[in-house]
Amino acid sequence: MTTTPTLPTSGLTVLKLPMRDPRVRPLLDELAVEYNTRYGDLFSSEGAAEELNRYPAEEFEAPHGALIIIQENGESVAGGAFRRYDQHTAELKRIWTHSAHRRRGLARRVLTELENEARRRGYRKLYLTTGPRQPEAKNLYLATGYKALFDLAADPEDIKHLAFSKDLPVQS
């Protein structure tokens, strides 16, 4: 059985920010490196730039979207966002943990923060996709209650976009 390290809560701050805020830049910069390293031009000749510019920044702002950054002692160490997918579903995007801060449970914290915010915004379901070369992301989503919308026995490279969904419990 794998255990997740306990995440110290001191020094962590959760911020809701617009995409253009400079504190979001580390997320976008490292995602670009990560996507280009793992995928190159598998999905597009433009590589990561196309994916990171696919949606207007406004889609990740209230009332239908949100972007959060977790900072530790003033440094952006993890983050993620969601946008409206349909009337009842938010689509999670840009889930990221800084490479120097992985294996600390920060991605789980990001998911929890995004799920709570999506629920507050009235969404009842979450949807997301990850790429075939991110097994740690696939495992995180499965471990946190997301349902795979693809054949788990299939070769991820054949599927390309690994889709997941999760129902959000209604708050009482």
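At what angle do helix α3 and helix α4 pack, and how far apart are their axes? Keep in mind as you look that this is a predicted model. Helix α3 covers residues 106-120 and helix α4 covers residues 135-143. The two pack at an angle of about 55°, and their axes are 11 Å apart. Angles under 35 degrees would count as roughly parallel, and 65 to 115 as roughly perpendicular. The angle here belongs to neither group, so α3 and α4 are oblique to each other. Their crossing is right-handed.

Now let us see which residues touch. From α3 come A107, R108 and L111, and they meet L140, Y141 and A143 of α4. Sorted by class, this contact has 5 nonpolar residues, 1 charged residue and no polar ones.

Next, turn to the aromatic rings. The structure holds 6 aromatic pairs. One of them is formed by F82 and Y123, whose ring centres are 5.9 Å apart. Their planes stand at 85°, and planes over 60 degrees apart count as edge-to-face, so this pair is edge-to-face.

Where along the chain do F82 and Y123 sit? F82 lies in strand β3 (residues 75-86), while Y123 is in the loop between α3 and β5 (125-130). The two are 41 residues apart, so the pair links distant parts of the chain. Are these residues buried or exposed? F82 is buried, with a relative accessible area of 0%, and Y123 is buried too, at 5%.

Finally, return to Y141, which we met in α4. Together with Y146, F150 and F164, Y141 forms one aromatic cluster.

Note on methods
Residues are numbered from 1 along each chain as its sequence is written. This is a predicted model: local features need pLDDT of at least 70, side-chain atom pairs count only at pLDDT 80 or more; totals for chains, interfaces and linings use all residues. Side-chain values use heavy atoms; hydrogens and water are left out. Axes are lines fitted to C-alpha atoms, for helices over the stretch in contact, and angles run from 0 to 180 degrees between N-to-C directions. Helices (H or I, at least four residues) and strands (E, at least two) are DSSP runs, numbered from the N terminus. Angles under 35 degrees count as roughly parallel, over 145 as roughly antiparallel, 65 to 115 as roughly perpendicular and the rest as oblique. A crossing is left-handed if the near helix is turned anticlockwise from the far one by less than a right angle, and right-handed if clockwise. Contact means heavy atoms within 4.5 Å. Ala, Val, Leu, Ile, Met, Phe, Trp, Tyr, Cys and Pro count as nonpolar, Asp, Glu, Lys and Arg as charged, and the others, Gly among them, as polar. Rings of Phe, Tyr and Trp (its six-membered ring) pair if their centres lie within 6.5 Å; planes under 30 degrees apart count as stacked, over 60 as edge-to-face and the rest as tilted. Buried means under 20% relative accessible area, exposed over 50%, partly exposed in between (1.4 Å probe, protein chains only).
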